[in-house]
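Visitor: Please pick one part of this model and take me through it closely. I'd like to hear what sits against what, residue by residue, and how that fits into the whole chain.

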Amino acid sequence: MISISVTALVFGVVFLAELPDKTALAGLVLGTRYRASYVFAGVAAAFLLHVVLAVAAGSVLTLLPQQLVAAVTGVLFLGGAAVLLFKKGDDEEEVRKPKDQSFWRVSGAGFMLILIAEFGDLTQIMTANLAARYDDPFSVGLGAVLALWAVAGLGIVGGKALMKRVPLKLITQIAAVLMLALGAWSLWEAVAG
């Protein structure tokens, strides 16, 4: 029922394609500010939905209006950068353990960020193409979702480990600059594409 070779192939391709993508950055930023398990729950659910959509749609996803997706992603990243840059400075202990961040609020934020930012992304289109090519939706879906969860987990855990060695203010400033660059790049793709 499950093809180990197809699952392994898809895992490798999707993992390598997603590793340098904005997902690791988003996981890192969220992982430094909120409880990692809450962040991962939301991000994992969003990726599962993306993979289900990609596998179900097959190669049809390649027809999505990429300019619209790039524009929305760009605006979201610019908004996220603005929030990071202009947020009033709390002391680091308060930021590490927000008082009013319930499971549903934090996981919901992670879910929405990934749901919107990753819609029509290269790995989603790649997953759709792999599903159409191998005609093995379960194996392709399993490989893709495990790869995306692995990248998200690395970003979240990496964010927690980084926070122990580098001041949170510096991490936030670097993340904001990276988000500004990603936002500008996405908007450029929307206009140029």
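**A close look at one helix and its partners**

Guide: A quick warm-up before we get to the main part: Gly 79 has a relative accessible area of 32%, and because that falls between the 20% limit for buried and the 50% limit for exposed, Gly 79 counts as partly exposed. Gly 79 sits in helix H4, which covers residues 66-86. There's a long-range pairing here too: Gly 79 and Ala 176 are 97 residues apart in sequence, yet their C-alpha atoms are 9.7 Å apart in space. Keep in mind throughout that this is a predicted model.

Now for the general layout. The chain has nine helices and zero strands, so, read along the sequence, you simply get α-α-α-α-α-α-α-α-α. Of its 193 residues, 42% count as buried. If you take contacts between residues at least 6 apart in sequence, 95% of them join residues at least 24 apart.

The part I'd pick is helix H7, residues 122-134. Let's begin with Thr 127, which lies in H7. Thr 127 has a relative accessible area of 1%, and since the limit for buried is 20%, Thr 127 is buried. Leaving out residues up to four places away in sequence, Thr 127 touches Val 14, Val 51, Ala 54, Val 55, Val 140 and Ala 144. That list gives us our partners, so let's take them in turn.

Start with H1, residues 4-18. The axes of H1 and H7 come within 10 Å and cross at roughly 160°. Because that angle is over 145 degrees, H1 is roughly antiparallel to H7. The crossing itself is right-handed. On the H1 side you'll find Val 6, Leu 9, Val 10, Val 13, Val 14, Ala 17 and Glu 18, and they meet Thr 123, Met 126, Thr 127, Leu 130 and Tyr 134 of H7. Sorted by class, that contact has nine nonpolar, two polar and one charged residues.

One residue in that patch deserves a longer stop: Val 10. Setting aside neighbours within four places in sequence, Val 10 is in contact with Leu 130, Val 140, Gly 143 and Ala 144. Val 10 also belongs to the largest nonpolar core, which has 27 residues, and there Val 10 and Val 140 touch the most other members. H1, H2 (22-33), H3 (36-57), H6 (103-117), H7 and H8 (137-165) each supply at least two residues of this core. H8 gives the largest share, eight residues. As background, nonpolar side chains in soluble globular proteins tend to be buried together.

Next, H3. The axes of H3 and H7 come within 7 Å and cross at roughly 40°. An angle of that kind is neither under 35 degrees nor in the 65 to 115 range, so H3 and H7 are oblique to each other. H3 passes H7 in a right-handed crossing. Here His 50, Val 51, Leu 53, Ala 54 and Val 55 of H3 meet Gln 124, Thr 127, Ala 128 and Ala 131 of H7. By class, the residues of this contact divide into six nonpolar, three polar and no charged.

His 50, in helix H3, is worth clicking on. Its relative accessibility is 3%, so His 50 counts as buried. Beyond its neighbours within four places in sequence, His 50 is in contact with Ile 114, Leu 115, Glu 118, Phe 119 and Gln 124. Ile 114 and Leu 115 take us over to H6.

The axes of H3 and H6 come within 7 Å and cross at roughly 35°, again with a right-handed crossing. H3 brings Tyr 38, Val 39, Ala 41, Gly 42, Val 43, Ala 45, Ala 46, Phe 47, Leu 49 and His 50, while H6 brings Phe 103, Val 106, Ser 107, Gly 110, Phe 111, Ile 114 and Leu 115. The split by class is 13 nonpolar, four polar and no charged.

Finally, step off the end of H7. Asp 136 sits in the loop between H7 and H8, and at 16% relative accessibility it counts as buried, because the cut-off is 20%. Apart from neighbours within four places in sequence, Asp 136 is in contact with Met 1, Ser 3, Val 6 and Ala 131. Met 1 is 135 residues away along the chain, and the two C-alpha atoms are separated by 9.0 Å. Val 6 and Ala 131 are familiar by now: Val 6 was on the H1 side of the contact with H7, and Ala 131 was on the H7 side of the contact with H3.

How values were computed: Residues are numbered from 1 along each chain as its sequence is written. This is a predicted model: local features need pLDDT of at least 70, side-chain atom pairs count only at pLDDT 80 or more; totals for chains, interfaces and linings use all residues. Side-chain values use heavy atoms; hydrogens and water are left out. Axes are lines fitted to C-alpha atoms, for helices over the stretch in contact, and angles run from 0 to 180 degrees between N-to-C directions. Helices (H or I, at least four residues) and strands (E, at least two) are DSSP runs, numbered from the N terminus. A crossing is left-handed if the near helix is turned anticlockwise from the far one by less than a right angle, and right-handed if clockwise. Contact means heavy atoms within 4.5 Å. Ala, Val, Leu, Ile, Met, Phe, Trp, Tyr, Cys and Pro count as nonpolar, Asp, Glu, Lys and Arg as charged, and the others, Gly among them, as polar. A nonpolar core is a set of buried Ala, Val, Leu, Ile, Met, Phe, Trp, Tyr and Cys residues joined through side-chain atoms within 4.5 Å. Buried means under 20% relative accessible area, exposed over 50%, partly exposed in between (1.4 Å probe, protein chains only).
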